[in-house]
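Me: I would like a close look at a single part of this chain, explained step by step for someone in the first year of study. Please take one helix as the centre and then follow its surroundings.

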Amino acid sequence: MAARVLLQRRSFAPLAAAALGGVAFSPAVVFAEAPKRKPIYDETDDYRSPLPAAPSPPAILPSQPITNDDEEQKPRAPTPTDRLAVQVGRARLFLYGVAAAAENRVNQTMDSAFDLEQSFTRTVASLAPPRESGEKLMPGAIYVLVAAMAGSILARNRSVVLRATVPFALGLGAGWTVLPITMRNVSDLAWKYEQKFPAVAESHTRLREGIQRGIHFAKVHREVGVRYVDDKVTDVREAIENWVAQGK
């Protein structure tokens, strides 16, 4: 009898352990069988508070430091980096101004040089005679040079004044004879530059007027001389004709 009871207990132990394990691993079954109880407090959805909910504090990011209003109102002193940046900016502006002034000066110099070159080219081109005039510079310039050299040879044993004036006078006369249009252009250009200096222009005007008066007097005296010679020749011829007539 005792052996049977012992065998039943041994066979019932594994079944009890399995039952307890099933209850442990499936608690929903156990709770499902428990009766539902009414909660002591009401649900939160049914409760309405008459006071408004307090606003939640703003989230503070880690990168934004916490500052007070008093600290924001106080002016921040410039740091050494700010002062260095200001000085660097002033230095850059100064260097830029110097570079711009140098560039403007170089441009002005180049413009004046180009203007001078163009003015010289136009001046030289204006001295040349027109093609329809038929005047050629090359042979005429050689003739003027030969005349000036001949005057220098003629006045080499004379005074200093003659040695300085005779070649110039002969060359100038040859130029007005061989190259009249070119000499006229040169004279007009020289007069244009002389007008910038009133004293020189006035002296030139008086000299030219004196030369013109001298030439006019020379022409008048030449005409008077020619007329006197013609009268004398006529008188002599008439006297000879009368003498011949009386002799016959």
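Reply: On one side of helix α5, the residues M138, L145 and I153 are exposed, whereas the buried residues of this helix are G140, A147 and G151. Those three buried residues lie on the same side of α5, because they cover an arc of only 35 degrees around the axis. The exposed M138, L145 and I153 are on the other side, and the buried residues of α5 pack against helix α6. Please keep in mind, while reading all of this, that the model is a predicted one.

The length of α5 can be checked as well: the helix has 18 residues and reaches 26 Å from its first C-alpha to its last, which is close to the 26 Å expected at 1.5 Å a residue. Helix α6, which runs over residues 160–178, can be treated in a similar way, for it has 19 residues and reaches 28 Å between its first and last C-alpha, close to the expected 27 Å.

The buried residues of α6 are P167, G171, A174 and G175, and they pack against α5, which spans residues 137–154, and also against α7. A164 also belongs to α6, but this residue counts as exposed because its relative accessibility is 52%, and the cut-off for exposed is over 50%. Although A164 and S152 are twelve residues apart along the chain, their C-alpha atoms are separated by 8.1 Å.

A database record adds something about this part of the chain. An unreviewed UniProt entry carries the annotation "transmembrane region" for residues 137–155 and 160–179. In the model, residues 137–155 are 95% helix and 0% strand, with the end C-alpha atoms 27 Å apart, while the span 160–179 is likewise 95% helix and 0% strand, its end C-alpha atoms lying 28 Å apart.

From here the path leads on to helix α7, which covers residues 180–194 and includes T182. T182 is buried, because its relative accessible area is 10% and the cut-off for buried is under 20%. Leaving out residues up to four places away in sequence, T182 touches L127, P129, E135 and L137, and with one of these, E135, its side chain forms a polar contact of 2.8 Å.

P180 is also placed in α7, yet at 37% relative accessibility it counts as partly exposed. When neighbours within four places in sequence are set aside, P180 is in contact with E135 and G175. P180 and E135 are 45 residues apart in sequence, and their C-alpha atoms are 8.6 Å apart in space. E135 therefore appears in the contacts of T182 as well as in those of P180, if contact is taken to mean heavy atoms within 4.5 Å. G175, the other contact of P180, is one of the buried residues of α6.

It remains to set this part within the chain, which has eight helices and zero strands. Of its 248 residues, 7% count as buried, and the chain exposes about 22,500 Å², of which carbon and sulfur atoms supply 64%. Among the contacts between residues at least 6 apart in sequence, 48% join residues that are at least 24 apart.

Conventions: Residues numbered from 1 in each chain as written. Predicted model: local features only at pLDDT ≥ 70, side-chain atom pairs only at ≥ 80, totals over all residues. Heavy atoms only, no water. Helix = DSSP H or I, 4+ residues; strand = E, 2+ residues; numbered from the N terminus. Buried < 20%, exposed > 50% of the residue type's maximum accessible area, 1.4 Å probe, protein only. Polar contact = N/O pair within 3.5 Å; in protein donor to acceptor, adjacent residues only side chain to side chain. Areas by Shrake-Rupley, 256 points an atom, 1.4 Å probe, with all protein chains shown as cover. Expected span 1.5 Å × (residues − 1). UniProt positions renumbered as here; feature names shortened; annotations may be inferred. Arc of directions from axis to C-beta.
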